[in-house]
Structures are given as structure tokens and as C-alpha cells.
Amino acid sequence: MLRRILKIFWWLFLLAILTIYIYLSLASFTSQELMAAVIKLEETPKEIVYRSQQKLSDKLGHSWQVVLFKRINSNNNEISAINLRLVGFPGSQEIPHPLPLKITTDTGKVLTAPDIFIDEAPAPTIGQYDFKDVLSQLPTQDLLIGIPVGKQNFINLAIPKQIVQEWQEVAQKS
């Protein structure tokens with residue numbers, strides 16, 4: 001009888017350890033996706049790039065790499081570009097060009113960002129948009145980005161406020 005109780009105790013103990021391990025693994029995985037990471041890169045001796053990069057899923061479950069980057073000419077400290085690049089992982093919808101990106105704030109205000117790729121993108125699931133004028137108008141709240149897949153059709157990508165805050169941090173870098 002004592003042997004059976006000890007055996008049950010050890011199984012419960014191992015199960016508890018396994019459960020804690022799984023919980024901690026999942027908690028660290030989800031927190032990494034929204035971790036702030038503004039990175040400074042030196043592309044050339046004359047150019048500095050600040051970048052925020054995240055992986056998000058659209059409403060259909062397809063993954064997208066979302067990269068906001070700011071290029072600064074290090075000679076005169078002038079901003080040469082602030083762009084948002086969206087890269088669809090395999091299985092994502094192709095992005096036709098040139099169609100503007102639609103950004104909807106939590107209050108319903110709709111902004112647009114012009115497509116950088118006038119003729120052709122490096123790959124069919126890549127879009128890049130001029131965010132220089134848009135970024136200063138964004139509130140630090142959740143956003144909804146409409147990735148154009150036709151003149152009236154969009155794939156919606158929810159942008160949490162933590163990422164918008166990170167974008168604003170990139171914009172303030174000099």
C-alpha cells in the first residue's frame with residue numbers, strides 16, 4: 001500500500017514539473033513576440049538605420065514580418081526615409097502594386113501610406129510603404145492595417161499598441 005502511494009506521489013510530482021515547464025515555455029514564447037527591440041544598424045558609413053521588427057498573424061492566420069525602419073544620412077543627420085515593410089510568409093496572399101496601405105486607428109480615422117514599389121516588388125508577398133507622413137499622426141493605441149490585395153480588398157493585420165509605441169521610439173531616434 002505504501003509503495004503504491006509513493007508511486008502515485010512521484011507521478012504527480014513529475015506531472016507538476018512538466019506542467020510548470022510547459023507553462024513557462026509558453027509564457028516566454030508569447031512575451032517575446034511583443035518585446036520592444038529597436039535596433040540601430042550602420043548600413044554604410046554615411047547611413048544609419050533604426051529598425052523595429054515583429055512577426056504578426058493576420059485574421060486568416062497567415063504570418064507576416066512587420067518591419068518599420070528609419071534611414072538617416074549620418075553626414076547631415078537628415079531623415080532619408082521612414083518605411084513600413086510587410087513580408088508575407090509562405091501561404092500569404094500576394095500583394096499587387098502600386099496600391100496604398102490603409103491604416104485605421106482605434107477611433108476610426110483612416111490614413112493611407114503610399115506604396116514604394118511602383119512596378120514590382122522583390123517578391124510577390126512583399127510590400128513597402130512610405131510612413132514618413134503617417135507615423136506622426138498615429139495615436140499610441142491599437143491599429144488595424146489593411147494590406148491591399150485588390151482595389152477594394154484588404155487583409156487585416158492588428159497592430160498592438162506596444163508595437164506602435166516601438167514605432168514612435170524609432171521615429172524619435174536621431
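# A buried aspartate, a four-strand sheet and its core

Asp 58 has a relative accessibility of 6% and therefore counts as buried, the limit being under 20%. The model in which this value was computed is a predicted one. Asp 58 sits in the loop that links E2 and E3. Apart from neighbours within four places in sequence, Asp 58 is in contact with Trp 64, Ile 155, Asn 156 and Leu 157. A further relation in space is to Ile 147: the two C-alpha atoms are 9.6 Å apart, although 89 residues separate Asp 58 and Ile 147 in sequence.

The chain as a whole comes next. It contains two helices and nine strands, and along the sequence these follow the pattern α-β-β-β-β-β-β-β-β-β-α. The chain has 174 residues, of which 34% count as buried. Its exposed surface is about 10,900 Å², with 57% supplied by carbon and sulfur atoms. Of the contacts between residues at least 6 apart in sequence, 53% join residues at least 24 apart.

Four of the strands form an open sheet in the order E6-E5-E8-E9, and the pairing is antiparallel. E6 and E9 (154–159) are the edge strands, each pairing on one side only. From one strand to the next, the twist averages 25°. Strands of a sheet pair through backbone hydrogen bonds, in either a parallel or an antiparallel arrangement.

The pairings of E5 can be followed in turn. E5 (residues 101–104) pairs with E6 (residues 110–113) over four antiparallel bridges. One residue pair in this arrangement is Leu 101 of E5 with its bridge partner Ala 113 in E6. Five residues lie between the strands of this hairpin, and Gly 108 there takes a positive phi near 95°. E5 also pairs with E8 (residues 143–148), in the antiparallel sense and over three bridges. Here Ile 103 has Ile 145 in E8 as its bridge partner.

Helix H2 is placed against part of this sheet. H2 lies across E8 and E9 and runs at about 80° to E9. The helix covers residues 161–172, twelve in number, and spans 17 Å from first to last C-alpha, close to the 16 Å expected at 1.5 Å a residue. Its buried residues are Ile 163, Val 164, Glu 166, Trp 167, Gln 168 and Val 170.

Which residues touch the most other members of the largest nonpolar core? They are Leu 101, Ile 103, Phe 131, Leu 138 and Trp 167, in a core of 30 residues. The elements giving two or more residues to this core are E2 (47–57), E3 (63–73), E4 (78–88), E5, E6, E8, E9 and H2. In soluble globular proteins, nonpolar side chains tend to be buried together. Leu 138 shows what such a position looks like in detail. With neighbours within four places in sequence left aside, Leu 138 is in contact with Ile 103, Leu 111, Phe 131, Leu 143, Val 164, Trp 167 and Gln 168. Among these contacts, Val 164, Trp 167 and Gln 168 are also buried residues of H2.

Ser 80 offers a case outside the buried set. Ser 80 belongs to strand E4. Because its relative accessibility is 45%, and partly exposed covers values between 20% and 50%, Ser 80 counts as partly exposed. Beyond its neighbours within four places in sequence, Ser 80 is in contact with Glu 47, Arg 71, Ile 72 and Lys 132. The C-alpha atom of Ser 80 is separated by 7.7 Å from that of Lys 70, a residue ten places away along the chain.

Two backbone details remain, both in loops. Most residues other than glycine have a negative phi, and most peptide bonds are trans. Asn 77, a residue other than glycine, has a positive phi near 60°. Asn 77 lies in the loop between E3 and E4, and at 49% relative accessible area Asn 77 is partly exposed. The other detail is the peptide bond between His 97 and Pro 98, which is cis, with omega about -10°. Pro 98 is in the loop between E4 and E5.

Definitions and conventions
Residues numbered from 1 in each chain as written. Predicted model: local features only at pLDDT ≥ 70, side-chain atom pairs only at ≥ 80, totals over all residues. Heavy atoms only, no water. Expected span 1.5 Å × (residues − 1). Buried < 20%, exposed > 50% of the residue type's maximum accessible area, 1.4 Å probe, protein only. Contact = heavy atoms within 4.5 Å. Areas by Shrake-Rupley, 256 points an atom, 1.4 Å probe, with all protein chains shown as cover. Pairing = 2+ DSSP bridges. Axes fitted to C-alpha atoms, helices over the stretch in contact; angles between N-to-C directions. Core = buried A, V, L, I, M, F, W, Y, C linked by side-chain atoms within 4.5 Å.
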